[in-house]
Amino acid sequence: MIATIMTGSTIGIDGYMIEVEVDITSALPGIVIVGLPDAAVSEAKERIRSAIKNSGFIFPNKKVIINMAPADIKKEGSSFDLPLAIGVLVASELLYLDNQKHICLLGELSLDGSLRPVTGVLPISIAAKENGIKKIIVPAENGKEASLVNDVEIFAVNNLLEAIEVLKENPEFKPLNINKDAIFEDYYHHLNLPDFSEVKGQEHVKRALEIAATGGHNVLMAGSPGAGKSMLAKAFAGILPPLEFSEALEVSKIYSVSGQLPSGKGLITQRPFRAPHHTASSIGIIGGGNIPKPGEISLSHRGVLFLDEAVEFPRNVLEVLRQPLEDKIVTISRAQLSITYPADFILLLAMNPCPCGHRGDAIKQCICAETKVQKYWSKLSGPLLDRIDIQIEVTRLDEKEIIGHTPTGDTSETIRNRVNNARQIQINRFKEKGIVCNSQMNTKLIKKYCTLNSESENLLLTAIKQLQLSARAYDRILRLARSIADLANEKDIKVNHIAEALQYRNINKFI
């Protein structure tokens, strides 16, 4: 008989279903797998043979033909081992399986029949539900991940024998029941981040980062070594609003397909904070490879991408950020397919103002020649700087600030509450627009929600002339002013909001 077993795989961060068809014929013994399998799938024939034998079953001494449909999409990875093994058992009539197309199986088999975790379980489980699957069997370590999908029975098993018992509907094996609401409890208590009150001085930078968190704006911090740029960046993650469940699900799908979902954790509940080293390649930042995987900008989705010592990154690496910063997605094209990953992140750059690090320092004198400073800053192109809303100087601390023992400024919790209130204003404003914060506004929405009075227009007109602002920079200043107004709970943008927004475009003094 021909057995048909349902399983799944991923393209990008989206899952799709695969039918595993198994036929056993009276011919020379062997296993043939067709349907564009990669090396890992082709090697599964030896794993399933040993797993079946070591689980107490007799492997058929006949020719086993396995077809994986659709046949025109390459099958990659080891998650097909379990459905292949079950298909062989059903086709050889060692196991009876009713409603074959209502059950989805995933898992990599060891030679002894135990199951190892696999990647992409969450998007595959979502696709399975959309295709009418009623029951999903996954390795035990992937159970929490799969159980995030509602209205589907999820069974987490440790080995092939347990999977067979679930298929036999043994009452001892019950579907997982996860309390999804409890996942987000004590969210901020689990954040191992510096508190803003622990950062000495730098009140003007803290204010800028609060505005950035409010509207999702990109930030460049330039200042002397040891001024606190890295600590401020890490503390910044602690004032961002918590992920909504839909956002957490989206982020978790990215981490699932990239194999970076923490062990035993089914959902990413914290906004990502990624800080790649400056030796990272453009593929490592953007994504790609022979088998395309998400890069740092996608792993930072709904969170923060922090590039410390930004100008130490190769210029081509920095330049590839330009398009994702505008479109909030990145498309990786290959000969056979094109994959789009989400990339809606806050870019946080930190750098010294010059090679020696002391340009503009009130204490230490800069020893860099003007040509060296120009070359140093040239790695940040004008188009890239145009996409950074807040460009701020982080000044050296004075003696009293350095030796001070008492906390300075508001705590992260206090700032976070203000950010959450301002974010709620934006959520209500854009609830029918498909966006959640001011930095996502397009030109049409800017015209609607960023109207100016004559005094504000005159100030902005003067700034455009003096600072030689581009049309993109103009839009970003309006978005920034809108966030400042939201923090002040003001309905209209006022001249003081425009003035403060313009303060954050003054990084050119270093150049």
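How do the residues of the lining of the largest pocket divide into nonpolar, polar and charged? In this predicted model, they divide into 13 nonpolar, 10 polar and 5 charged residues.

**Pockets and cavity**

The largest pocket encloses about 720 Å³ of space, and its lining is made up of 28 residues, among which Ser 9, Thr 10, Lys 74, Glu 76 and Ile 291 lie nearest the centre. Three strands, namely S1 (3-11), S13 (293-294) and S16 (338-342), each supply at least two residues of this lining, and S1 gives the most to the lining of the largest pocket, with 3 residues.

The second largest pocket has a volume of about 340 Å³ and is lined by 19 residues, of which Glu 326, Lys 328, Ser 439, Gln 440 and Met 441 lie nearest its centre. The elements that give two or more residues to the lining of this second largest pocket are H9, helix H13 (322-327) and helix H20 (471-487), with the largest share, 4 residues, coming from H20. By class, the lining of the second largest pocket divides into 4 nonpolar, 5 polar and 10 charged residues.

Besides these pockets, the structure holds 1 cavity of 30 Å³ or more. The largest cavity has a volume of about 150 Å³, and of its 14 lining residues Arg 302, Asp 344, Ile 346, Arg 423 and Cys 437 lie nearest the centre. The table sets out the volume and the lining classes of each space.

| Space | Volume | Nonpolar | Polar | Charged |
|---|---|---|---|---|
| Largest pocket | about 720 Å³ | 13 residues | 10 residues | 5 residues |
| Second largest pocket | about 340 Å³ | 4 residues | 5 residues | 10 residues |
| Largest cavity | about 150 Å³ | 5 residues | 4 residues | 5 residues |

**Packing of H4 and H9**

Helix H9, which gives two or more residues to the lining of the second largest pocket, also packs against helix H4. Helix H4 (residues 121-130) and helix H9 (residues 245-257) pack at an angle of about 120 degrees, with their axes 7 Å apart, and this angle makes H4 oblique to H9. From H4, the residues Val 121, Leu 122, Pro 123 and Ile 126 meet Leu 249, Ser 252, Lys 253, Ser 256 and Val 257 of H9. Sorted by class, the contact of H4 with H9 has 6 nonpolar, 2 polar and 1 charged residues.

**Two buried charged residues**

Is Asp 386 buried or exposed? Asp 386, which lies in helix H15 (residues 382-386), counts as buried because its relative accessibility is 16%, where the cut-off for buried is under 20%. Leaving aside neighbours within four places in sequence, Asp 386 is in contact with Ser 470, Arg 472, Ala 473, Arg 476 and Arg 505. Asp 386 and His 277, which are 109 residues apart in sequence, are 24 Å apart in space, taken from C-alpha to C-alpha.

Lys 206, found in helix H7 (residues 203-215), is likewise buried, with a relative accessible area of 4%. When neighbours within four places in sequence are again left aside, Lys 206 is in contact with Phe 196, Val 199, Gly 201, Leu 232 and Thr 408.

How values were computed
Residues numbered from 1 in each chain as written. Predicted model: local features only at pLDDT ≥ 70, side-chain atom pairs only at ≥ 80, totals over all residues. Heavy atoms only, no water. Axes fitted to C-alpha atoms, helices over the stretch in contact; angles between N-to-C directions. Parallel < 35°, antiparallel > 145°, perpendicular 65-115°, else oblique. Contact = heavy atoms within 4.5 Å. Nonpolar A, V, L, I, M, F, W, Y, C, P; charged D, E, K, R; others polar. 1 Å grid on protein atoms, 1.4 Å probe; cavity = no way out; pocket = protein on both sides within 12 Å on 5 of 7 lines; lining within 4 Å. Points joined across faces, edges and corners; volume = space filled by probe spheres on them. Buried < 20%, exposed > 50% of the residue type's maximum accessible area, 1.4 Å probe, protein only.
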